[in-house]
Each structure stands twice: as structure tokens, then as C-alpha cells.
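Biologist: Before I rely on the labels attached to this fold, I would like to hear the reasoning behind them. Could you take me through them one at a time?

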Amino acid sequence: DNTLASPVTWSAYVDRNQMVWLDNQFNFDTLQGSQISFTTSIVNNSGTSTSFTISNLPTWMTASITSGFVGPLTSLPVTFTIPSSANSGSYQQDVSLTTAFGFAEQMEVNLKIRKNPPAGWTVRPS
């Protein structure tokens, strides 16, 4: 038989960054004057204790911790807070988690703050 078998091919993806966000996106829609707090974790999938830095935080959000170490095969919770004093508007921010690998893992935060209508304001559909 002179037929050739098709060559065997495969694709591989190697994720060399062992420190990642547990959640990579948050979406919020709230009224002005409301505080928002949310928690996610930094997950260390490696076999060694690894340092990290959280950066690219916007002025309208704070983090409970911005640098430190996460032990091997463990996670560290981080709480983010958007204060009630944040201005109305739409915001988008990619918060970075950087380790010794030098590659920043991104966590996207989308925020929409609506302002209450003035007191006594009504809408007539017509």
C-alpha cells in the first residue's frame, strides 16, 4: 500500500505564570453613594513561596494588600473597596498581578455608577 498516513499534529499551550487571580473579571452597576467591597484570591500553583505586587489600581479603588508572598500551592484573599464617595460614571480598569516571572496577570473591573434623579423628578412617557 503506497498511501501515506496523515502526519500527527498537536497544539500545546504552556502557562508559565504560576500566580493567577482566582477571578479575572468583576462587573458592578450601582447607585452613587453605595460602597462596594469584593474579594478574590491570588492563587499560587507553584511549589515555592512567591512574591507578588498588585499595581495599576485606579484612584477610585483600594486593595487590602498590594504586595507580599503567597506560600506554595495556597491562595491569599484580597479585598477591594470602591468607596461611597466615587463619582458617577462608567469606569474600566485592568488591575495587574505581577510576580518574578515579570508577566502581569490582569483582573478586569467594570464599574457603572448611576446618579439618583433629583427629588420630585418624574418622567412622562409622552
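Modeller: Let us begin with a pairing in this predicted model: β2 and strand β9, the latter covering residues 105-114, run in the parallel sense and are joined over 7 bridges.

Biologist: What makes β2 and β9 a pair?

Modeller: Two strands count as paired when at least two bridges are found between them, and β2 and β9 have 7 bridges, so they qualify. Within this pairing, Phe26 stands opposite Val109 in β9.

Biologist: In which order do the strands of the open sheet follow one another?

Modeller: The sheet has 5 strands in the order β2-β9-β8-β4-β6, with mixed pairing. Because β2 (25-31) and β6 (67-70) each have a single partner strand, they stand at the edges, and one side of each is left without a neighbour in the sheet. From one strand to the next, the twist averages 20°.

Biologist: What does Phe28 in strand β2 touch?

Modeller: Leaving out residues up to four places away in sequence, Phe28 touches Ile36, Phe38, Asn110, Leu111 and Lys112. Phe28 and Val109 are 81 residues apart in sequence, while their C-alpha atoms are 8.0 Å apart in space.

Biologist: Why is the pair of Phe38 and Phe80 called stacked?

Modeller: The structure holds 6 aromatic pairs. In the pair of Phe38 and Phe80, the centres are 5.3 Å apart and the planes are at 20°; centres within 6.5 Å make a pair and planes under 30 degrees apart make it stacked, so both conditions are met. The pair links distant parts of the chain, with Phe38 in strand β3 (residues 36-44) and Phe80 in strand β7 (residues 75-82), 42 residues apart. Phe38 and Phe80 are both buried, and ring pairs link them with Trp21, Phe26 and Phe28 into a cluster.

Biologist: Why, then, is the pair of Trp60 and Tyr91 called tilted?

Modeller: The ring centres of Trp60 and Tyr91 are 5.2 Å apart, which is within the 6.5 Å cut-off, and their planes stand at 45°, neither under 30 degrees nor over 60, so the pair is tilted. Trp60 lies in the loop between β4 (50-55) and β5 (62-63), and Tyr91 in strand β8, so the pair ties together parts that are 31 residues apart in sequence.

Biologist: How do you know whether Trp60 and Tyr91 are buried or partly exposed?

Modeller: Buried means under 20% relative accessible area. Trp60 has 12% and therefore counts as buried, whereas Tyr91, at 23%, is above that limit but not over 50%, so Tyr91 counts as partly exposed.

Biologist: Why is Thr99 called buried, given its place in the loop between β8 (89-98) and β9?

Modeller: The relative accessibility of Thr99 is 7%, which is under 20%, so Thr99 counts as buried. Apart from neighbours within four places in sequence, Thr99 is in contact with Asn17, Met19, Thr50, Ser51 and Phe52.

Biologist: Which residues touch the most other members of the largest nonpolar core?

Modeller: That core has 21 residues, of which Phe38, Ile42, Ile54 and Phe80 touch the most other members. At least two core residues come from each of β1 (19-21), β3, β4, β7, β8 and β9, and β9 gives the most, with 4 residues. Setting aside neighbours within four places in sequence, Ile54 has contacts that include Trp21, Ile42, Val78, Phe80 and Val95.

How values were computed. Residues numbered from 1 in each chain as written. Predicted model: local features only at pLDDT ≥ 70, side-chain atom pairs only at ≥ 80, totals over all residues. Heavy atoms only, no water. Axes fitted to C-alpha atoms, helices over the stretch in contact; angles between N-to-C directions. Buried < 20%, exposed > 50% of the residue type's maximum accessible area, 1.4 Å probe, protein only. Contact = heavy atoms within 4.5 Å. Core = buried A, V, L, I, M, F, W, Y, C linked by side-chain atoms within 4.5 Å.
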